[in-house]
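Me: I should like a close look at one part of the model shown below. Please set that part in the context of the whole chain and explain each term as it arises.

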Amino acid sequence: MPPPAIDARKAVILCVDDEKVPLLVRSRVLEKAGHEVLSANSAVEALELLQSHLVDLVLTDLLMPGMNGEELAREVKTRLPSMPVVLFSGVNQLPSESSRADLFVSKLEGPDYLCQKIAEILGQFQSPAADA
């Protein structure tokens, strides 16, 4: 039996990571979970995509060169206060700098946990793409 459809439109997730292979794998996991995924290799690229695309959620790696995930979360929240931002990191505890994000998920939790948490946070937020 197919899962119940909450919305006919797929949620659009902007996935940000400076490492190409983890970004590709994470994007495929999110697509398999039923989301549309935009990928960015840096925070600067992510901000450019946010200007030109409707996005429901930003999922960003914490540790990136240049602008890190926390700095990206702060900038996203400044521009789009209702945009949910999820920090994703290999550390297994909440980093002190994650206060700007709406959720922190450790990479150690695995893909099923990540998809579950993203579904939960999408259910809690009204975002720009949902109004389109």
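Which pattern does the protein chain follow when it is read along the sequence? Please then look closely at β1, and at what covers the buried residues of α1.

Reply: The model is predicted: local features are taken only where pLDDT is at least 70, and side-chain atom pairs count only at pLDDT 80 or more, whereas totals for chains, interfaces and linings use all residues. Residues are numbered from 1 along each chain as its sequence is written, and side-chain values use heavy atoms, with hydrogens and water left out.

Read along the sequence, the protein chain follows the pattern β-α-β-α-β-α-β-β-α. It contains four helices and five strands, where helices are DSSP runs of H or I with at least four residues, strands are runs of E with at least two, and both are numbered from the N terminus. Of its 132 residues, 42% count as buried; buried means under 20% relative accessible area, exposed means over 50%, and partly exposed lies in between (1.4 Å probe, protein chains only). Among the contacts with a separation of 6 or more, 61% are between residues 24 or more positions apart, a contact being heavy atoms within 4.5 Å.

The strand in question is β1. Five of its five residues are buried, so β1 is largely enclosed by the rest of the structure. Both of its faces are covered: V12, L14 and V16 are buried on one side, and I13 and C15 on the other. Strand β1 pairs with β2 in the parallel sense over five bridges; two strands pair if DSSP finds at least two bridges between them. Within this pairing, L14 has L38 of β2 as its bridge partner. Strand β1 also runs parallel to β3, to which four bridges join it, and here C15 stands opposite L59.

The helix α1 belongs to the same picture, for β1, α1 and β2 make a right-handed β-α-β unit. A crossover is right-handed if, with the strands pointing away from the viewer, the path from the first strand over the helix to the second runs clockwise. Helix α1 comprises 13 residues, 20-32, and its end C-alpha atoms are 18 Å apart, which agrees with the 18 Å expected at 1.5 Å a residue; the expected span is 1.5 Å times one less than the number of residues. The buried residues of α1 are L23, R26, S27 and L30. They cover an arc of only 105 degrees around the axis, which puts them on the same side of α1; the arc is that of the directions from the helix axis to the C-beta atoms. An α-helix has 3.6 residues a turn, so residues three or four places apart point the same way. On the other side of α1, V21 and K32 are exposed. The buried residues of α1 pack against β1 (12-16), β2 (36-40), β3 (57-61), β4 (85-89) and α4 (111-124). Just after α1, G34 takes a positive phi of about 100 degrees.

Strand β3, a partner of β1, deserves a word at two positions. T60 is in β3 and counts as buried at 1% relative accessibility. Leaving aside neighbours within four places in sequence, T60 is in contact with V16, G69, L72, V85, V86, L87 and F88. D61, also found in β3, is buried with a relative accessible area of 4%. Its contacts beyond four places in sequence are V16, D17, D18, G69, F88, S89 and K107. With K107 there is a side-chain polar contact of 3.2 Å; a polar contact is a pair of N or O atoms within 3.5 Å, where within protein one must be able to donate a hydrogen and the other to accept it, and residues adjacent in sequence count only if both atoms are side-chain atoms.

Helix α3 also meets β1. In α3 (residues 69-79), G69, E70, L72, A73, V76 and K77 are buried. They cover an arc of only 155 degrees around the axis, which puts them on the same side of α3. What covers them includes β1, α2 (43-52), β3 and β4. At the N-terminal end of α3, N68 acts as a cap, with a side-chain oxygen 2.9 Å from the backbone nitrogen of E70.
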